[in-house]
Amino acid sequence: MEKIFQKFLFIFIFTKFISAYEITPFPQDFLFGVATASYQIEGAWNINGKGENIWDYYSHYSPSMIKDGSTGDVACDSYNKFKDDVQIIKDLGVHIYRFSLSWSRILPTGFANEINHDGIRYYNDLINELIANDIIPVVTIFHWDLPLPLMAIGGWTNPLMTKYYMEYANITFHYFGDRVQHWLTMNEPMSFCTDTFENAQQPFNVPQIKGIGIYLCAHTVLRTHALVYKMYKNEYQEKQKGKIGIAIDSRWYEPKTNKTEDIEAATRALEFDCGMYFNPIVYGDFPEIMKTRIENLSRSENFSISRLPEFTKDDKELLQGSYDFIGLNHYSTWLVSDGSSKTNWRTPSYARDVGGIMEADPKWPNSTMSWLYDVPWGFYKLLTHIRDRYKNPIIVITENGFAQLEIQDKKRIHYLKGYLKSLSKATQDGCNVKGYITWSVMDNFEWFEGFTQRFGLYYVNFTDPSRPRIPRSSAKWFKKFVHTHLKNNNKFLVVQV
Ligand code: NOJ
């Protein structure tokens with residue numbers, strides 16, 4: 001009798017152990033996908049009527065700013081190889097392909113007075129091919145490749161951008177909205193506003209005034225997003241039955257110690273990142289902590305008004321609730337300690353406004369990217385923070401991934417396993433996440449890093465003119481993961497990782 005009891009006890013403990021460490025359940029209707037973006041994969045930079053965008057210009061005229069001096073002129077050649085891409089996506093067995101539209105392929109100058117019909121044809125062909133292969137297109141309308149003339153007028157610091165972007169978005173809904181039902185207005189505004197207007201990384205004649213341009217950009221981007229959301233709701237949604245959101249990027253910020261100053265610094269860092277975009281679209285305004293801090297610092301710097309622009313009453317009404325779902329791009333975590341008295345922050349800057357010192361724990365597994373570490377618990381904390389702070393919105397993870405060159409990419413698999421487990425736990429704990437899209441289906445042009453950084457499930461050989469796509473170990477692993485998920489259609493789908 002005692003033996004039988006012991007046996008039962010053993011099986012019970014063993015099953016608990018397995019379910020805690022090996023099994024990753026997801027809700028039944030959960031979707032998986034892979035992502036890319038136009039400039040990073042398409043190539044064909046000057047083919048069939050496409051206009052010049054800032055990355056064409058930048059990579060041609062300031063090659064020294066790109067690590068390997070490369071360009072996206074050919075990239076993965078997806079303009080020509082898109083059917084092959086659809087096949088590798090299909091082979092992975094995922095539900096979703098998230099890609100972006102090249103603004104200057106559709107409107108060569110950025111303005112709506114001239115439409116390039118080859119651009120419309122190209123995206124129609126891609127969308128049709130996806131649908132024919134049972135893959136859901138999730139379309140990002142703007143993923144950083146701004147038409148060059150629009151940067152000449154100050155890019156997103158110029159409020160006129162709202163009008164130009166609305167005209168562009170309207171054209172995309174008109175031509176593609178009969179088949180595209182998942183839209184993202186912008187990709188990672190936090191990143192592109194910072195890179196363009198705060199970090200002075202770009203050779204454009206734009207207001208790169210620290211502590212100012214980044215907020216002007218955020219202000220215009222947010223108003224634009226809200227107006228486009230309204231336009232889609234009023235003019236297209238009933239007919240086209242689609243959903244529209246925005247892809248917001250955020251890290252998790254963990255206090256380095258349990259000292260009050262460090263805890264406060266980590267809270268500030270999160271509010272100045274996640275909060276800068278989540279707060280306006282959920283509640284209609286920038287977070288209080290941002291408003292007060294920038295106002296106070298601005299006064300002490302002798303500005304007569306805050307460096308942070310204000311939203312009008314109408315803006316606030318428009319912004320509040322301007323999403324059907326929110327895309328979340330998340331990769332990594334920082335440890336934060338208080339830096340509010342750092343001496344080299346005497347002049348205005350975003351870093352001074354945040355007042356935190358960011359670092360990684362040396363114990364965290366690193367990628368080849370200086371900012372990207374494998375910290376799955378940070379993902380869980382960010383998801384539950386969003387659940388609690390922002391009314392548990394419908395979330396789709398629109399990007400998450402790891403940089404590693406090798407074909408046998410064990411570190412990427414380790415990262416994906418950990419982050420998917422965190423995500424699974426978050427969904428079981430009530431986070432309203434409906435899908436997970438990994439970055440990226442294949443290696444591509446990684447902006448200032450050129451081709452030196454590899455995020456693909458598929459390895460791409462950029463020295464071979466045919467740009468072969470070769471599955472990494474992670475492609476095989478992810479395929480199995482998704483397949484196991486599809487096979488199970490219980491209330492909770494059980495996935496072995
Ligand atoms: C964010 C961006 O959306 C994407 O374009 C980039 O390649 C990945 N993260 C990796 O850095």
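## Starting point

Asp-285 is buried, at a relative accessible area of 13%; here, buried means under 20% relative accessible area, exposed over 50%, and partly exposed in between, with a 1.4 Å probe and protein chains only. Before going further: this is a predicted model, where local features need pLDDT of at least 70 and side-chain atom pairs count only at pLDDT 80 or more, while totals for chains, interfaces and linings use all residues. Residues are numbered from 1 along each chain as its sequence is written, and side-chain values use heavy atoms, leaving out hydrogens and water.

## Salt bridges

Side chains of opposite charge can pair when their charged atoms come close. The structure has 31 salt bridges, each being a side-chain nitrogen of Lys or Arg within 4 Å of a carboxyl oxygen of Asp or Glu. Asp-285 takes part in one with Lys-316, at 3.6 Å from N to O. Lys-316 sits in helix H14 (residues 313–319), whereas Asp-285 is in the loop between helix H12 (274–283) and helix H13 (288–300), so this pair ties together parts that are 31 residues apart in sequence. Those element names come from DSSP runs, numbered from the N terminus: helices are H or I with at least four residues, strands are E with at least two. Unlike its buried partner, Lys-316 is partly exposed at 31%.

Helix H14 also hosts a more local pair: Lys-313 and Glu-317 meet in a salt bridge, again listed at 3.6 Å from N to O. They're 4 residues apart in that helix, so about one helical turn separates them. Both ends face outward in accessibility terms, with Lys-313 exposed at 63% and Glu-317 exposed at 53%.

Then there's Arg-387 with Asp-388, whose side chains form a salt bridge at 2.7 Å, N to O. Arg-387 is partly exposed at 21%, and Asp-388 is exposed at 56%. Elsewhere, shared partners link Asp-285, Glu-288, Lys-291 and Lys-316 into one network of salt bridges.

## Lys-291 up close

Lys-291, a member of that network, is placed in helix H13 and is partly exposed at 26%. What does Lys-291 touch, if you skip residues up to four places away in sequence? Asp-285, Phe-286 and Leu-308, with contact meaning heavy atoms within 4.5 Å.

The side chains of Lys-291 and Asp-285 make a polar contact at 2.6 Å. A polar contact is a pair of N or O atoms within 3.5 Å; within protein, one must be able to donate a hydrogen and the other to accept it, and residues adjacent in sequence count only if both atoms are side-chain atoms. Lys-291 and Glu-310 are 19 residues apart in sequence, and their C-alpha atoms are 8.8 Å apart in space.

## The barrel

Now for the sheet: 8 strands form a closed barrel in the order E2-E3-E4-E5-E6-E8-E11-E12, with parallel pairing. Neighbouring strands are turned by 25° against each other on average, ignoring direction. Strands pair if DSSP finds at least two bridges between them, and angles run from 0 to 180 degrees between N-to-C directions of axes fitted to C-alpha atoms, for helices over the stretch in contact.

Strand E2 is a handy place to look. 4 of its 5 residues are buried, so E2 is largely enclosed by the rest of the structure. E2 runs parallel to E12 over 5 bridges, with Ala-35 partnered by Trp-439 in E12. E2 is also parallel to E3, through 3 bridges, and here Gly-33 has Ile-96 in E3 as its bridge partner.

Further round, strand E4 (residues 136–142) pairs in parallel with strand E5 (residues 182–187) over 4 bridges, and Val-139 stands opposite Trp-183 in E5. Helix H6 (residues 117–132) packs on the sheet, touching strand E3 (96–100) and E4, with its direction at about 170° to that of E3. Helix H17 (residues 410–428) packs there too, touching strand E2 (31–35), strand E11 (395–399) and strand E12 (433–439), and its direction makes about 170° with that of E12.

## Around the ligand

Which residues surround the ligand? They are Gln-40, His-143, Trp-144, Asn-187, Glu-188, Tyr-331, Trp-371, Glu-399, Trp-439, Glu-446, Trp-447 and Phe-455, where a residue is near if one of its heavy atoms lies within 4 Å.

Some polar distances are worth a look. An N or O atom in the Asn-187 side chain is 2.8 Å from an oxygen atom of the ligand. Trp-447 has a polar side-chain atom 2.9 Å from a ligand oxygen atom, and Tyr-331 has one 3.3 Å from a ligand nitrogen atom.
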